[in-house]
Amino acid sequence: MTGPLLSLSGLTVDFSVGDGVVHAVRGVDLDVNHGEVVGLVGESGSGKSVTMLGLLGLLAPNARVGGSALFDGTEILGLTGKPLRALRGGRIGMIFQDPMTSLNPVLTIGRQLAEAIEAHQPTLTGKRVRARVQELLEMVSIPNAAERIAAYPHELSGGMRQRVVIAMALANEPELLIADEPTTALDVTIQAQILDVLADLRQRTNTAMVIITHDLGLVAGVADRVNVMYAGRVVERAEVDEIFHKHQHPYTAGLLRCLPRLDRRGIDLDPIGGAPPRLDRLPEGCAFAPRCRAAIDECLVRDPMLRMVGASVVACHRAPDAVASLTGAGA
Amino acid sequence: MTGSTSEGVLPGEVQTGSETPLLRVRDLVKSFPVRGGVGRRGKSFVQAVAGVSFDLSRGETLSLVGESGCGKSTTARCVVRILDPTSGSVEFDGIDLNGLSADDLRRSRRRFQMVFQDPQASLNPRMTIGQTLSEPLHIHGVDPAESRDRIRELMSLVQLRDGDLDRYPHQFSGGQRQRIGIVRALVLRPELIALDEPVSALDVSIQAEIIRLLERLRDQFGLAYLFIAHDLSVVRHLSDQVAVMYLGTIVESGSNSDVYDNSAHPYTQALLAAAPIPDPRIERTRPRIVLAGDPPSPINPPTGCRFRTRCWKAQPRCAEEEPVLADPGIGHLVACHYPEASNVITSRPDRPIGGAL
């Protein structure tokens, strides 16, 4: 219980594509402590999903994963076969965005849940497995769980399907739950239900979670700590309050200034401008520099390392002055 | 037959007095046949839009919000006549579109246009951008020289280059493709644009650019927008008027601040309470409303109030009597037997938010 539950250092993922290489993840350091909810946020292509898929060995064969990923002190990169399968769905549970594609359409949800349990606990009797299936469905608040066991995925709504996926991820009492955009495909009132289920589970089981999302509003409500990713790197990490109120990276500031607010009208949206770099042709220096209003010459030639500034760990040469310098430059 | 009546005071009318609104929709209904499954006989219908009425004035933005299947997109499609309404009327600038001949309808079309959610799917991949943009002008008989000028002017307004006209959709980013979709809607100089989730497929930084662009174009050309979205923060940012839809009907409508700061329908309140706010301090303290269950099937909607099966306030009366969209004395319209106006977004007064924001 002393060290972090999951500890990534220098994690890289490269994809060979044609005659080039796409550097999708470029050295991610990230810790997840026991019982903690960590948000991994970023826009499309920032590497947030690929990071997690990479450490679980779930990427296509043209991906090369490097660096190190310690789970409970043991290196898990390079695991194959039985030990890898024991980990996935066992000590580490996964939830993906689209519940329809994560469920088998021709098996009942009861059968699929039973499979998830039996794969990791082959000695359980059928009776015990059935009881556990029902218990799991109740845990994620599926009404009439006893009847729903016989339902096929298409007979359930999107929200109910995502509950089944969560139940499946929890089947073997994982220590870590990785949720990749778990509510993105759902309507907002259903999202609220699913977040409720996750919050409840966290209270009862003390499972650590990594929530991968593009939605900063969602992160504000669920995460303890937040990692902001840009172009394959973590560019800022801090406690959730600090990310929103005392962030140090111009990209974090830029993301927050892009957001329309439910609670305030007439704010000035301030788009970042430009586009993220192509990951097969990264600029020298800081990957964000070409879009950064705080950039100085150094940013264009030298890639900043993560360092502690204020309450953040941030990769920016100009921190702690970077964000303050934007306020004048905006509008 | 439905909650929204022609007699009720509608939000647009409150704003504009006797002036004819640009768009006047009354008791709009759109049903689709439901194919029977194996062994199912007879034809049944689903009412995607079940009697919707609203007004939209020139230069104003009215947003229709609601979750999947509430009928917001179908309503917009009936307004711009991509779909033919089953019943009800859509008047554009005082002209009932139902009464028009096919030719007249086609001629009117230049005055109302549409922008779609997925710019990838709404641009023909085998046509250059130039061809795509000049097609509507050609159809409406605008002469080629004038067409070229208009396209050039709009391209520069949305920050695309003339050279881009010779390129194909796949050569553009998602944000650029949406700019092209907006230019296509604008080339005929419409007065109304229906925007169906125009920013929901885009990353936040690109989304902000498109929102800003839409605001600028609205001001420059005096456009009215019928804005369809599920993102309540985007809607708050862009709208003058807001109508909240649930299972094919409008359950609450009013001005932006009526609906956001003083909502009275339980469904509106649940939606607002569920939408995240990017501020952890507010998130920790704001009131939470978690609705039970899923929206029922529109094929077989509940009797009485359509929302009652998920409503924490439902009484026997709600199952028997469909509530009418009317003003319960709070200055805007609510379809609920037990409306209670309150600000559910934040229970506390507005206060400055710290940090660099």
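The following dialogue works through the interface, fold and selected side chains of a predicted model.

Reader: How should the extent of the interface between chain B and chain A be expressed, and what is the buried area?

Author: The size of an interface is often given as the accessible area lost when the parts come together. Here chain B and chain A bury about 4200 Å² between them, and 59% of that lies on carbon and sulfur atoms. The contact involves 43 residues of chain A and 48 residues of chain B.

Reader: How many salt bridges and polar contacts join chain B and chain A?

Author: The count of salt bridges between the two chains is 3. One salt bridge pairs the side chains of Asp241(A) and Arg281(B), at 3.6 Å from N to O. Polar contacts across the interface of chain B and chain A comprise 15 residue pairs, with both residues at pLDDT 80 or more.

Reader: Which elements of chain B supply the side that touches chain A?

Author: Those giving two or more residues are α7 (204-221), α8 (232-238), α9 (256-261), α10 (266-274) and α11 (280-285) of chain B. The largest share, 7 residues, comes from α7(B). Sorted by class, this side of chain B has 24 nonpolar, 14 charged and 10 polar residues.

Reader: Turning to chain B as a whole, how many helices and strands does it have, and what share of its residues is buried?

Author: Chain B has 12 helices and 11 strands. Of its 357 residues, 55% count as buried. Among the contacts in chain B with a separation of 6 or more, 67% are between residues 24 or more positions apart. The accessible surface of chain B is about 15000 Å², with 48% of it belonging to carbon and sulfur atoms.

Reader: How does one read the pattern of burial along a helix, and which residues of α4(B) are buried?

Author: An α-helix has 3.6 residues a turn, so residues three or four places apart point the same way. In α4 of chain B, which spans residues 129-139, the buried residues are Ile129(B), Gly130(B), Thr132(B), Leu133(B), Pro136(B) and Leu137(B). Their cover includes α5 (144-157) and α6 (174-186) of chain B. Just after α4(B), Gly141(B) adopts a positive phi of about 70°.

Reader: The same helical spacing may bear on salt bridges. Where are Arg132(A) and Glu135(A) placed relative to one another?

Author: Arg132(A) and Glu135(A) are separated by about one helical turn, because they lie 3 residues apart in helix α5 (residues 126-139) of chain A. The two form a salt bridge whose closest N and O atoms are 3.3 Å apart. Arg132(A) is buried at a relative accessible area of 12%, whereas Glu135(A) is partly exposed at 42%.

Reader: Are Arg81(B) and Asp84(B) buried or partly exposed?

Author: Arg81(B) is buried, with a relative accessible area of 11%, while Asp84(B) is partly exposed at 48%. Their side chains meet in a salt bridge of 3.1 Å, N to O.

Reader: Which salt bridge links distant parts of chain B?

Author: Arg179(B) and Glu209(B) meet through their side chains in a salt bridge of 2.9 Å, N to O. Arg179(B) belongs to helix α6 and Glu209(B) to helix α7 of chain B, and the pair is 30 residues apart. Both Arg179(B) and Glu209(B) are buried. A network of salt bridges also links Arg58(B), Asp93(B), Arg111(B) and Glu191(B). Over all chains, the structure holds 38 salt bridges.

Reader: When a polar side chain is buried, one looks for its polar partners. What lies 3.1 Å from a polar atom of the side chain of Gln162(A)?

Author: The backbone oxygen of Phe96(A) lies at that distance from the side chain of Gln162(A). Gln162(A) sits in helix α7 (residues 158-169) of chain A and is buried, with a relative accessible area of 0%. Beyond neighbours within four places in sequence, its contacts are Ile95(A), Phe96(A), Gln97(A), Pro99(A), Pro182(A), Leu186(A) and Ile194(A).

Reader: As a loop example, where is Asn62(A), and what does it contact?

Author: Asn62(A) lies in the loop between α1 (48-55) and β4 (63-71) of chain A and is partly exposed, at 32% relative accessibility. Leaving aside neighbours within four places in sequence, Asn62(A) contacts Asp14(A), Phe15(A), Ser16(A) and Val17(A). Asn62(A) and Val21(A) are 41 residues apart in sequence, with their C-alpha atoms 9.9 Å apart in space.

How values were computed
Residues are numbered from 1 along each chain as its sequence is written. Chains are lettered from A and ligands numbered from 1 in the order in which they are written. Side-chain values use heavy atoms; hydrogens and water are left out. Contact means heavy atoms within 4.5 Å. Buried area is the accessible area (1.4 Å probe) that two parts lose on being put together, summed over both. A salt bridge is a side-chain nitrogen of Lys or Arg within 4 Å of a carboxyl oxygen of Asp or Glu. A polar contact is a pair of N or O atoms within 3.5 Å; within protein, one must be able to donate a hydrogen and the other to accept it, and residues adjacent in sequence count only if both atoms are side-chain atoms. Helices (H or I, at least four residues) and strands (E, at least two) are DSSP runs, numbered from the N terminus. Ala, Val, Leu, Ile, Met, Phe, Trp, Tyr, Cys and Pro count as nonpolar, Asp, Glu, Lys and Arg as charged, and the others, Gly among them, as polar. Buried means under 20% relative accessible area, exposed over 50%, partly exposed in between (1.4 Å probe, protein chains only). Accessible areas come from the Shrake-Rupley method with a 1.4 Å probe; for residues, only the protein chains shown count as cover.
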